[in-house]
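Biologist: I am new to this structure and should be grateful for a close look at a single part of it. Please begin at one particular place and then relate it to other places along the chain.

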Amino acid sequence: MDDITYRISTMSMGKTDAAAVVPASSTKYAVDESLFDALVDQATGATTNPIEQPTNLVERQRTLRQRLLEALSEDIEYLVGVINGRIEEEGEAILEIGACSGEFSMDLDGDDDASRIERTLGMVVGDPRINAFVSLLYDSGCQEEANANGGGHMDTTYARDINVADNDSGGGEKKRRGKQGAASNKKQNEQSSVGSLTTQQGRLAVFLVRRKPSGVEQMLEVRVAVVGNVDAGKSTMLGVLTQGHLDDGRGRARVALFRHKHEIDSGRTSSVGLEILGFDKLRGAPIRHSPDAHRRLGWDAVCSRSSKLLAFLDLAGHEKYLKTTVFGMAGGAPDYVMLMVAANAGLTGMAREHLGLALALGIPVFVVITKIDMCPSNVLDATLKQLTKVLRSSGCRKLPIAVRDRASVVMAATRFVNHRVCPVFQISNVTGEGVDCLQTFLNILPVNRALTANSNKQQQQQQQETVDAQGSGGQGQQLRYEINEIFNVPYVGTVVSGVIVSGRMEPGQTVWMGPDFHGNFTQATLKTIHRKRVDVQSAHAGQSVSIALKRVAKSQVRKGMVLLGKPDGSTDIGQQQPQVSMTFEAEVVVLYHSTTITKRYQAMVHCGSVHQTARVLSIEQADAAAAAGSGSSLLRTGDRAKVLFQFIRHPEYILPGSRLIFREGRTKGVGKVLRVLSKQEEHDVVFRVTNGTMAFDHRSIKAKLESMRHHQQSQAAVAATKAAMAAGKKAG
C-alpha cells in the first residue's frame, strides 16, 4: 500500500497536471476523497452512518418550493416525516405556507401555487403511515379585493376598541395617559401583540391536516360549555349548528334540544343538555343530524363518519338554575366556554356570573353576540363598547379579537392557545350571518391539552404521596374517572356518565368505586363502555364516556364519586384503598361578600364533580397587614387567605392542586386545594382549631348510617324471600 499514491486532481489542479504527477500504475486506484475519508472513518469507528452524506447533500439542494410544487419521490418521503411529526401528538395541525415565519416560509408567486401545494400535500397525507386528509382553509391571494374594499379583515368600527388590549402582564393598574401616548401604545400593541394574517408581505396559504381515525376510540373530541344570560339564544344557536337549518325567529331550532316538557313550554333550559357536531373524514365538512324522524341521523352514524367531534354542554341561563350551571362547568370538564351575549341586552345578568366562573376555573372563553339582525346599530355599538370594557378590565385582562371572515377565523383559532386571546363573533340565527365563521372556528379549534396535563400532574403528585406513605415501589398512571350522571337502564342495569381525567379503561376491568357515605371504596367491574352512544373497546384520558357497571345498584352510586384503577398486584382491598378525607386546606380569594366571613361559615363547595356543603374551621390571612387591620379570623371582599374546610356530610376524594369554587347566595369565592388531611392529621387539627370540641356533625352521619343499614336489611329480606320461593318451587 506504501507504493500507491492517492491524489485527487480536482482539489488543486486540472486533470492534465494530475496525470503528470500520479504514476501510471496508480491511476486505476484513484478514488473520491470524501468517499475515501468515509470508508476510513467507518473502519476506525469515527462515524456510524457515512453513506447518508450524499443523500443529505441532495436534500439540502432541494428548496421547500421545489418540494411542494415539483415533488419527487424523495421529497414525498421527506414531507411524510415532517407532517407525521406535526400531527403525531395532537392528531391535527394547521400549516401556514408562504409569507410567514417558520419551516414552511417560501414565496407563492403563481396563481395556482396553492392548488399545487394542496395536491402535493394530498399525496403526502395519503401515505398509510399518516392516513390523513388536507383542506385549504385560507388563501390570501383569493381575497385581495375583499381586503382592499373592507380595509382589512377586522370590522373598522369595532377594531379601534376591541382589536388589541394592553400587553402588560403586571398586576398593578396603569395610569391614564394622554391621547398621543395612548395612540402610540395602541399602534405598537397592534403590531406586536396580535397582528393579522394580512400584515405579512406576500401571499399566505393556510392548510388543515387531520388524521383519519380508524374508529370512534381515536376520534378527536372538544367539549364546549355554552353559557350566557337567559334569552341570549344559547339553545337556538346549538340548534342551528347541529341541525343545519336557520331559526324562524320564534325558537323552532331549539325545540329538538330540550329534554323536558316544561322546557318546551317555557323556552328556557333547566338541565344540562348535550349536543354534538361532527366533521367528516374527507374535507372536514360538518355532519348534522336532522330533526326529521323519517331520516334522522343518529349519534352513532355521526360519530362513525367524523374525524373530530364537538360536544356542547347546553347550560341553564336563569338565576335559579345557577347551581346546575356551576356543576356543569366544574364537573363537565369543558375545554372551552362559549359565552353568549344578546346584542340588544348586553353583558348583563348571569352572563357576568358565567364569565367569572370561567375565569375562576381557568377555561378559555370566546364570545358570540347574537340577535344582530333585530338590534339597532347604536345599541349594538353600545354592547360592543361595554363588552370591550369588561374584557379589558383588570379582573379579566383578555385580548378581544373581532372575527368577521376566514382570515380572522384562522388567526383567532391559531392564537387561541393563549388564554388571554378572546375571539368575538357576531351572529344572526335567522339570517345566517356569521354562522359560517363560527363553524369554521369550531372545526379548527385545537384540543385543550392544558387541562388534561394539569390533571395528570395532580394524579402523579397524589400517587407519589401514596408511595411515600406506604413505602412501596412506584407504578404507572392509574385510571381516574369522575361520575357526573347516574341512570338505571332497563335490561342493562346501572349506567354512569362522566369524564376520564387520567389513565385508560377497558371492558371487564376491575376498579375501585367510591367513596360511599362511610368513606370506603368497593370493587366494581366495567361491563361495557359507550362513547357518544357508540360501543367502544377502550377509552383514554380526556374523553367523556358512559359505563355500565356489573352488579351495582343505583342506590350505591352518587354524583361526585370516582372510579380508580387498582394498583398492580393488589389483592387486599382494605390495605390499598385510596385516601379520602373530610377536611382539606385551600388558598382562597373572596370575590364578593356583603359582610364578613368567619369561622363556622358554611358554603357550597364545587371541586370537579364534587359538590357538597362545607364549613370553615380556621382562617389564616395571607397578608399580614390585612390580618392586623381586620383580624386574622375575618374575610371580606378581595381578601386572600388559607382556609381549612370540612365537609358536612361525608368524605370526598379530592387531589391537591384542584381548583374549587365556593358560593352561598351572592357570596362567591375561588381557590386552590393545597393539601388533603389524613385521618390522624384531621383528628389533631380539628381538635386543635375547635378548642377540644370536635366539629363533626355526628347527627347527620348517624342518620345516614341508619338509613343505609335499613336499606341493606330490606335488600337482604327481599333476597331471602326470593330464595325461599325458588326453593319451594324446586321442592314442589
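Modeller: A suitable place to begin is Pro515, which is found in the loop between β15 (510-514) and β16 (522-531). The model is a predicted one, and the geometry described here should be read in that light. Gly514 and Pro515 are joined by a cis peptide bond, with omega at about -5°. Gly514 falls within the range of β15, which is 510-514.

Other loops hold backbone features that can be set beside this one. The place of Arg551 is in the loop between β19 (544-550) and β20 (562-565). Arg551 is not a glycine, yet its phi is positive, at about 55°. Its relative accessibility is 78%, so Arg551 counts as exposed, the cut-off for that class being over 50%. Asp231 belongs to the loop between β4 (220-228) and α11 (234-243). Its phi is near 65°, a positive value in a residue other than glycine. With a relative accessible area of 46%, Asp231 is partly exposed.

A further loop residue is Ser678, located between β26 (667-676) and α21 (679-689). Ser678 has a relative accessible area of 25% and is therefore partly exposed. Ser678 and Val580 are separated by 98 residues in sequence, while their C-alpha atoms are 7.5 Å apart in space.

These places belong to a chain of 732 residues, of which 47% count as buried. The chain contains 22 helices and 26 strands. Among contacts in the chain with a separation of 6 or more, 72% are accounted for by residues 24 or more positions apart. The chain exposes about 36,200 Å², and carbon and sulfur atoms supply 49% of that area.

Positive phi also provides a way into the helices. Ala333, just after α14, takes a positive phi of about 50°. Within α14, 8 of the 10 residues are buried, so this helix is largely enclosed by the rest of the structure. The buried residues are Leu322, Thr325, Val326, Phe327, Gly328, Met329, Ala330 and Gly331.

Helix α14 (residues 322-331) has helix α15 (residues 350-361) beside it: their axes come within 11 Å and cross at roughly 30°. Angles under 35 degrees count as roughly parallel, and α14 and α15 are therefore roughly parallel to each other. Their crossing is right-handed. On the α14 side, Leu322, Thr325, Val326, Met329 and Ala330 take part, and they meet Met350, His354, Leu357, Ala358 and Leu361 of α15. By class, this contact comprises 8 nonpolar, 2 polar and no charged residues.

The pair α17 and α18 comes next. The axes of α17 (residues 406-414) and α18 (residues 435-443) come within 9 Å and cross at roughly 30°. These two helices are therefore roughly parallel to each other, and α17 passes α18 in a right-handed crossing. Arg406, Val409, Ala412 and Ala413 of α17 make the contact with Cys437, Thr440 and Phe441 of α18. The residues of this contact are 5 nonpolar, 1 polar and 1 charged.

Of the 9 residues of α18, 8 are buried, so α18 is largely enclosed by the rest of the structure. They are Val435, Cys437, Leu438, Gln439, Thr440, Phe441, Leu442 and Asn443. In α17 one may look at Met411. Met411 has a relative accessibility of 0% and so counts as buried. Between Met411 and Pro423 there is a separation of 12 residues in sequence and of 9.6 Å in space, C-alpha to C-alpha.

Another arrangement appears in α6 (residues 73-87) and α7 (residues 113-125), whose axes come within 9 Å and cross at roughly 75°. That angle makes α6 roughly perpendicular to α7, a class that runs from 65 to 115 degrees. Ile76, Leu79, Val80 and Ile83 of α6 make the contact with Thr120, Met123, Val124 and Val125 of α7. This contact has 7 nonpolar residues, 1 polar residue and no charged residues.

To return to the starting point, the cis peptide bond is the one joining Gly514 and Pro515, with Pro515 in the loop between β15 and β16.

Conventions: Residues are numbered from 1 along each chain as its sequence is written. This is a predicted model: local features need pLDDT of at least 70, side-chain atom pairs count only at pLDDT 80 or more; totals for chains, interfaces and linings use all residues. Side-chain values use heavy atoms; hydrogens and water are left out. Axes are lines fitted to C-alpha atoms, for helices over the stretch in contact, and angles run from 0 to 180 degrees between N-to-C directions. Helices (H or I, at least four residues) and strands (E, at least two) are DSSP runs, numbered from the N terminus. Angles under 35 degrees count as roughly parallel, over 145 as roughly antiparallel, 65 to 115 as roughly perpendicular and the rest as oblique. A crossing is left-handed if the near helix is turned anticlockwise from the far one by less than a right angle, and right-handed if clockwise. Contact means heavy atoms within 4.5 Å. Ala, Val, Leu, Ile, Met, Phe, Trp, Tyr, Cys and Pro count as nonpolar, Asp, Glu, Lys and Arg as charged, and the others, Gly among them, as polar. Buried means under 20% relative accessible area, exposed over 50%, partly exposed in between (1.4 Å probe, protein chains only). Accessible areas come from the Shrake-Rupley method with a 1.4 Å probe; for residues, only the protein chains shown count as cover.
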